[in-house]
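Hi,

Here is the model I promised to pass on. Have a look at it first, and then read my notes below.

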Amino acid sequence: MYTVRPVTAEELLGAAERLGGLLADTVDGGASVGFLAPLDPGAAADWWRALAPDVGAGRLLLWVAYPEPDADADADAATDSGGDGDAGRRIAGTVQLRPASTANGRHRAEVAKLMVHRADRGHGLAGRLLAALEEEAVGRGIRTLVLDTETDSPAERLYAAAGWTRVGTVPDFATDPAGVPHATTVYYKALRAAGSPGR
């Protein structure tokens, strides 16, 4: 079992090394999330730290997933700490939401960096992270979500199952961690407003 919750800028700084480990695992696993392999753990942690100002200003929303305490054998081995009750606990997954900043785009947001550690896959955690993000987006009046992902990747099956609509593909949009170019598929999801009947 897992706990999914948003994190503050202060908590992000405290969790940067653990999030860096998650990012390095994701890149080592071959996922195209903007980095080339091998990814230095220190550089990965610094990348997370650099997001703290955006999180603090509300320009970026960030969720993390922790294993429940009785399943988290790695908690005592963590070397960093944060200002939250989850300090030191292993991070199993994360996702980001970046609301549009333009006046005519405040009803939409971009989903980014959905990651689940390879040891935690197969338990529905990615779906739970997406669900938490979508619930918060609806509460903020966001009606349209967009994202892109590597074409023919396992993530495509996740988004299709979660009700996302495929827009199209862009050839050779980004490389995988080994530097090989791949196509990217763009998706969107229309969210129902809070209080409206389900579809």
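A quick definition before the findings: a crossover is called right-handed if, when the strands point away from the viewer, the path from the first strand over the helix to the second runs clockwise. Keep in mind too that this is a predicted model.

With that in hand, take β4, helix α4 (residues 125-139) and β5: together they form a right-handed β-α-β unit. The two strands of that unit, β4 (residues 108-116) and β5 (residues 144-150), run parallel and are joined by three bridges. If you want a spot to find the pairing on screen, R108 sits opposite T144 in β5.

On to the next pairing. β5 is also joined to β7, this time antiparallel, by seven bridges. Here L145 is the residue to click on, as it stands opposite K189 in β7.

Now the inside. Is T94 buried or exposed? T94, which belongs to strand β3 (residues 93-99), counts as buried because its relative accessibility is 0%, and the cut-off for buried is under 20%. Leaving out neighbours within four places in sequence, T94 has contacts with L19, L22, W48, L62, W63, V64, K113, L114, M115 and L129. T94 and H117 are 23 residues apart in sequence, with their C-alpha atoms 9.1 Å apart in space.

L114, one of those contacts of T94, lies in strand β4. At a relative accessible area of 19%, L114 is buried too, since the label applies under 20%. Not counting residues up to four places away in sequence, L114 touches T94, V95, A126, L129, L130, L158 and Y159. For a longer-range pair, L114 and T26 are 88 residues apart in sequence and 9.8 Å apart in space, C-alpha to C-alpha.

Finally, the surface. V146, V167, V170, F173, V186 and Y188 make a nonpolar patch of about 470 Å². Which strands each supply at least two of its residues? Those are β6 (165-175) and β7 (181-190), and β6 gives the most, with three residues. V170 is in strand β6, and V170 is partly exposed because its relative accessible area is 34%, which falls between the 20% and 50% cut-offs.

Cheers

Notes
Residues numbered from 1 in each chain as written. Predicted model: local features only at pLDDT ≥ 70, side-chain atom pairs only at ≥ 80, totals over all residues. Heavy atoms only, no water. Patch = residues over 30% accessible without salt bridge, like charges linked within 9 Å, V, L, I, M, F, W, Y side chains within 5 Å. Areas by Shrake-Rupley, 256 points an atom, 1.4 Å probe, with all protein chains shown as cover. Salt bridge = Lys/Arg side-chain N within 4 Å of Asp/Glu carboxyl O. Helix = DSSP H or I, 4+ residues; strand = E, 2+ residues; numbered from the N terminus. Buried < 20%, exposed > 50% of the residue type's maximum accessible area, 1.4 Å probe, protein only. Pairing = 2+ DSSP bridges. Contact = heavy atoms within 4.5 Å.
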